[in-house]
Structures are given as C-alpha cells and as structure tokens.
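I am opening a new page for this chain. I plan to look up its overall make-up, then one helix pair, then the cysteines.

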Amino acid sequence: MEEHNEPEPVLLSKHAKNLLRFLNLLPARMASHDNTRSTIVFFAVCGLDVLNSLHLVPPKMRQDIIDWIYGGLVVPRDQEKNCGGFMGCRAMVPKSEDAEILDCMRRYQWGHLAMTYTSLAVLVTLGDDLSRLDRKSIVDGVAAVQKPEGSFSACIDGSEDDMRFVYCAATICYMLDYWGDVNKETMFQFITRSLRYDYGFSQELEGEAHGGTTFCALAALHLSGQLHRLDATTVERMKRWLIFRQMDGFQGRPNKPVDTCYSFWIGASLCILDGFELTDYTKNREFILSTQDKLIGGFAKWPQATPDPFHTYLGLCGLAFTGEPGLSPVNPSLNMSMAAYTHLQHLHEQWRSANGRGDEDLSVSSAFKQQLHLSKGVEASSTTTTTSNSPLISAQ
C-alpha cells in the first residue's frame, strides 16, 4: 500500500514557551541587543498573540510589561528639541536623585522610531488604552526627524535614515491616528524614487532592491493612504518581482539563500498587493518547518541554526498568512494580529468621537473590513494611470 506522510506539525505550545522565556530572561548571547530590548519584547508579546497564547502572561506580568514600556517614554520639556517617542532600553534612565546626573542624562534621552513603533505595538497588543501618551508630542518627534527628501532618521541625533524608518514613521502616525507635520508627499516621492528597475524597492536611493525594504515601502504607502497612487502596471511588475523571490521558502534578493523571515517580508508585501495566493503555500510551509527547533521551540534563519525571537515571530506570521491552524490572522501592514488591530480601531473611534470627528473614516473599523480593504486595494489602483501625479487622500 502507498504510504501517505503526514505533514510535520507546528509545535505551537513549544513556540509559546520559547517566546515566554524571552520575557523573563535573555541568554548571554543576546547581551548585545540590550539597547533594543523593546524589539525583543515586541517579538515575544506579538508572537504569543499570534499563537493565541497571551493568557500565558499573568496579569501582573502583563501590567509590569506595560509599565516598563512607559518607562522609556520621552516627553520633551519646554525649550527642548522635538525628541518625543520611546527609547529601546533604560540605560539613559539612571536611578539617581543627583540633579546634575539627571540633567546630563536628559541630553541623551530621545525617542527612536523603531523603538517607538515596537513599544506602541506591544501596548496595543496587551490591550492598553494609550491614555498615558501625548500623541502630538510623539508625532512632533517623528516630523522632526524627516529629511527634506522625504526619508526619516531613526532619532534626532546621529542616526541612519532609510526606508526602514519611513515604515516606522508611517506605523506610528497610523497607530496614533495623527500625522501632524509629517510630509506625506515628500515621503511618497522618496518611496517612489527608491523603486528600482526590477520593481523592488531599495533601502536608500540608488541601492539594490530588497525584500524587507519592499515591504517597508508598500506598507508605508498603504498606511499613509497612498497605495492607490501606484498604477496597475507598476503593481503587477512588483508582484512579479515578489513572486520570483520564492524558491521553496523566500529569499530577500536574487541569488541569495532563502530565509525564514522573508516568508513575512515577501508574504506581507504580496498580501498588501492582493497577490499572496499566487505563491506555493506547501513549499513555503515546508521550508519554515525545516527551521523549527523541535526540542526547545522557536524558528531559526536557516535549518540547523539557532532559533531566535525575530525569526520565530516572523516565521509564525508567514505561516499565519497561509491559514495555518491554531494561529491568529495577522494584519500585514502593521505587523500585528488582527485582534490587536481591532483594539486599535476601537481606540481610534474613541479619539475621533472625543475630538468631535464623529464617524469619519470608520469604514475600516473591523478586522474583516481591513482584510476586505487589502483585497480590494489593487482594484482601486487600476483606475489610476500614474505613480506620481494623483492627489493625496486623507489618512485612515
């Protein structure tokens, strides 16, 4: 008789326990990541959410995480430069009553776009109401790091500026439902100038097209309400470039090895463009599971490599796009669960009501309607004939 091999299972409980450990103790090999600790918290908390396992985080620990996140919030004082946002660690928050030390440390406290994005995402995922935030202060900090050509620096002083932080800026403004002085037009121009000859996006002008950068560009356009400005031909060529990144799993660039994280970066990009169904779900799943650690849980970059929170979370998201049983649906643009996204939309409704904005733009107030919006996004773009001259639309 012909044997039928059962597909390898996703070890959901082991992955949940693996991520939970990172909320309690970091291994020595990750000591160099201390200054970006909020990103590790993001991968662990949001990963547990996608695994439908947030109940494993006890109520007191959940509140401790929320309070720790708020401990990194920077609110500029009068006469200080616009540096609002969240820090990634607490190294610049000394336990001291010495006014001179505190004043010295104050000069090095500023928000970082990536840490602000991940911090907000953790708060939303844990169900916080964001009532402790000054939304204007944070978005003023985002606008302050925007460059004249439209890109963004990570922070107010001494940082890179590229497409990664364009994405972070868009997520922050979208989540806070406020764009303030952020110039979406120059942001759009920077993004479209970064479109390469092969129809992927580069990290900075004149760079090489890259899968992660392409996600950042497309998600930023979607979140800022500007995806429709890409014409239909351009969108189809982008889909082609993205689909060609699949070997079994996905690679980030031509002639590079496949990597677990690109199941999210490429997969989410195709979800935004309504093209994910054109991929081979089975081959993608087989590759992701080849990086699964069957002993301690977690996913790695490659088979036989050491699992880490980054690849574990993005591997789970990649599986969620294929409808893997036991996983929560994921919002591709915001990189968080649809449950967290629904909570965020409820906050937006409350803020708009309090501001007298009524039911303005509440057509995407549910997870279902967001998924519908994603699936219909390309339909809307088909009526557009240019990638640069259409007027801006209001942000959601």
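Entry 1, the whole chain. I asked first how much of the chain is buried: 55% of the 396 residues count as such. I note that the model is predicted. I find 15 helices and six strands in the protein chain. I then took the contacts with a separation of 6 or more, and 71% of them join residues 24 or more positions apart. For the surface, I have about 17500 Å² exposed, with 52% of that area supplied by carbon and sulfur atoms.

Entry 2, a helix pair. I picked H9, residues 211-223, and H10, residues 232-243. Their axes come within 11 Å and cross at roughly 145°. I record the crossing of H9 and H10 as left-handed. From H9, the residues in the contact are Gly211, Thr214 and Leu218, and they meet Met238, Trp241 and Leu242 of H10. By class, I list four nonpolar residues, two polar ones and no charged ones in this contact.

Entry 3, cysteines. How many disulfides does the structure hold? I find zero. I checked Cys168 and Cys317 for the reason. The closest cysteine sulfur to that of Cys168 belongs to Cys216 and lies 7.0 Å away, so the two are too far apart for a bond; the cut-off for a disulfide is 2.5 Å. Cys168 is buried, at 7% relative accessibility. For Cys317, the closest cysteine sulfur is in Cys46, and because the distance is 8.2 Å, that pair is also too far apart for a bond. I note Cys317 as buried too, with a relative accessible area of 0%.

Technical notes. Residues are numbered from 1 along each chain as its sequence is written. This is a predicted model: local features need pLDDT of at least 70, side-chain atom pairs count only at pLDDT 80 or more; totals for chains, interfaces and linings use all residues. Side-chain values use heavy atoms; hydrogens and water are left out. Axes are lines fitted to C-alpha atoms, for helices over the stretch in contact, and angles run from 0 to 180 degrees between N-to-C directions. Helices (H or I, at least four residues) and strands (E, at least two) are DSSP runs, numbered from the N terminus. A crossing is left-handed if the near helix is turned anticlockwise from the far one by less than a right angle, and right-handed if clockwise. Contact means heavy atoms within 4.5 Å. Ala, Val, Leu, Ile, Met, Phe, Trp, Tyr, Cys and Pro count as nonpolar, Asp, Glu, Lys and Arg as charged, and the others, Gly among them, as polar. Buried means under 20% relative accessible area, exposed over 50%, partly exposed in between (1.4 Å probe, protein chains only). Accessible areas come from the Shrake-Rupley method with a 1.4 Å probe; for residues, only the protein chains shown count as cover.
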